[in-house]
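Welcome, and please open the model in your viewer. We will go from stop to stop, selecting a few residues each time.

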Amino acid sequence: MKRAFVTGVTGYIGGSIAEGLRRQGYAVVGVVRNQADAARISALGVETVVGGLDDSALLGRLAREADVTVNAADSDHRGAIEALVGALKGTNKTLVHTSGSSIVADEGTGEPSERVFEDTTPFTPVPQKVARVAIDRLVRDSAREGIRSIVVCPTMIYGNGLGAKRDSAQVPLLIRESLRRKAGVHIGPGLNVWSNVHIEDLTELYLLVIEKAPPGSFFFAENGEAALKDIAAAISRMEGWEGRTFRWELPEAIQAISEETARYGLASNSRVRATEGKKLGWSPRHTSLLKDIEFGSYREAFGPASR
């Protein structure tokens with residue numbers, strides 16, 4: 001039986017990838033922070049080891065013992081990636097690192113942008129994302145050192161997680177802020193646009209790149225896009241507020257949810273196209289974040305009937 005080591009197994013992405021790999025017949029092992037998490041994740045069929053991303057020796061050992069390693073815990077933890085790359089040099093084993101499409105985001109104000117990025121489009125990141133882009137490059141460059149290294153770069157993810165964590169970060173945050181105001185919330189004018197991808201489709205992309213992707217490759221993960229004002233209106237309709245929205249001013253949003261989340265997340269533009277994944281054969285099935293908010297998994301979890 002093939003063995004996979006997945007970081008972030010308690011999280012939304014990592015837990016979903018772990019479950020996808022289990023369904024593919026892999027024995028999956030993951031690092032968890034404590035015994036309570038170990039019991040919870042072990043019940044899902046994932047072998048657990050208590051530790052953390054700062055434990056380089058542990059990460060290295062688990063990576064060497066596995067056929068496939070997937071880092072889905074922290075896109076910005078350089079030490080963890082250095083440990084994984086250092087352990088896997090010369091093995092020709094697979095290492096998949098999870099980035100995030102805020103690497104191409106602008107300094108957001110809620111205004112729109114016409115810029116759209118394919119996997120190979122050159123770009124200059126905003127200063128706050130330079131370190132993340134350098135980590136992505138470190139992973140891809142390790143292909144020259146005997147590692148089958150791959151970077152997957154998701155956009156705004158939606159839908160029910162396949163592992164222990166049900167929900168992503170961005171849409172539930174917007175729903176919670178909307179519930180406080182009884183109106184769908186967007187930052188500034190809300191004309192900014194983010195690409196998005198369903199968690200089940202994203203999991204399928206990971207499984208596909210593990211099977212087929214060449215060393216040193218990079219994949220955006222998206223299957224559609226939506227303006228944040230349209231997301232706010234969908235939340236409003238889901239909650240029975242008839243599309244009413246609320247303009248959250250950027251300074252107030254930064255104070256409430258951090259500059260990282262507000263300016264470089266919910267007020268920015270991050271428009272990408274998954275050209276390389278689709279060339280590889282990825283065929284996502286889910287096509288509408290707005291429908292999933294209004295009629296799907298978010299209505300089940302956050303709509304009026306859930307309370």
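The tour below visits helix pairs and a pocket in this predicted model.

**Stop 1: α1 and α7**

Start by selecting helix α7, residues 199–212, together with α1, which spans residues 12–23. Their axes lie 9 Å apart, and the angle between the two helices is about 60°. An angle from 35 to 65 degrees counts as oblique, so α1 and α7 are oblique to each other. Turn the view until one helix lies over the other: the crossing of α1 and α7 is right-handed.

Which residues of α1 meet α7? Show the side chains of Tyr12, Ile13, Ser16, Ile17, Gly20 and Leu21 on the α1 side. Facing them in α7 are Ile199, Leu202, Thr203, Tyr206, Leu207 and Ile210. Colour this contact by class and you will find 9 nonpolar residues, 3 polar ones and no charged ones.

**Stop 2: the largest pocket**

Keep Ile13 selected and add Ala72, Ala73, Ser75 and Ala169; of the 41 residues lining the largest pocket, these five are the closest to its centre. The volume of this pocket is about 1,200 Å³.

Next, colour the elements that give two or more residues to the lining: α1 (12–23), β2 (27–32), β8 (156–158), α6 (170–181) and α10 (259–266). Which of them gives the most? Select α10, which contributes 5 residues. By class, the lining of the largest pocket holds 17 nonpolar, 18 polar and 6 charged residues.

**Stop 3: α3 and α4**

Now select helix α3, residues 56–65, and helix α4, residues 78–88. The axes of α3 and α4 are 8 Å apart, and the helices pack at an angle of about 45°. This pair is therefore oblique as well, and α3 passes α4 in a right-handed crossing.

To see the contact, display Ser56, Leu59, Gly60, Ala63 and Arg64 in α3. Their partners in α4 are Gly79, Ala80, Ala83, Leu84, Ala87 and Leu88. The contact of α3 with α4 has 7 nonpolar, 3 polar and 1 charged residues.

**Stop 4: α4 and α5**

Leave α4 on screen and add helix α5, residues 130–141. How do the axes of these two helices run? They come within 11 Å and cross at roughly 5°. Because angles under 35 degrees count as roughly parallel, α4 and α5 are described as roughly parallel to each other.

Finish by showing Arg78, Ile81 and Glu82 in α4, which meet Ala134, Ile135, Leu138 and Val139 in α5. The contact of α4 with α5 has 5 nonpolar residues, no polar ones and 2 charged ones.

Note on methods. Residues are numbered from 1 along each chain as its sequence is written. This is a predicted model: local features need pLDDT of at least 70, side-chain atom pairs count only at pLDDT 80 or more; totals for chains, interfaces and linings use all residues. Side-chain values use heavy atoms; hydrogens and water are left out. Axes are lines fitted to C-alpha atoms, for helices over the stretch in contact, and angles run from 0 to 180 degrees between N-to-C directions. Helices (H or I, at least four residues) and strands (E, at least two) are DSSP runs, numbered from the N terminus. Angles under 35 degrees count as roughly parallel, over 145 as roughly antiparallel, 65 to 115 as roughly perpendicular and the rest as oblique. A crossing is left-handed if the near helix is turned anticlockwise from the far one by less than a right angle, and right-handed if clockwise. Contact means heavy atoms within 4.5 Å. Ala, Val, Leu, Ile, Met, Phe, Trp, Tyr, Cys and Pro count as nonpolar, Asp, Glu, Lys and Arg as charged, and the others, Gly among them, as polar. On a 1 Å grid over the protein atoms alone, a cavity is a set of points where a 1.4 Å probe fits but cannot get out, and a pocket is an open set with protein on both sides within 12 Å along at least five of seven lines; lining residues have an atom within 4 Å of a point. Grid points are joined across faces, edges and corners, and a volume is the space filled by probe spheres set on the points.
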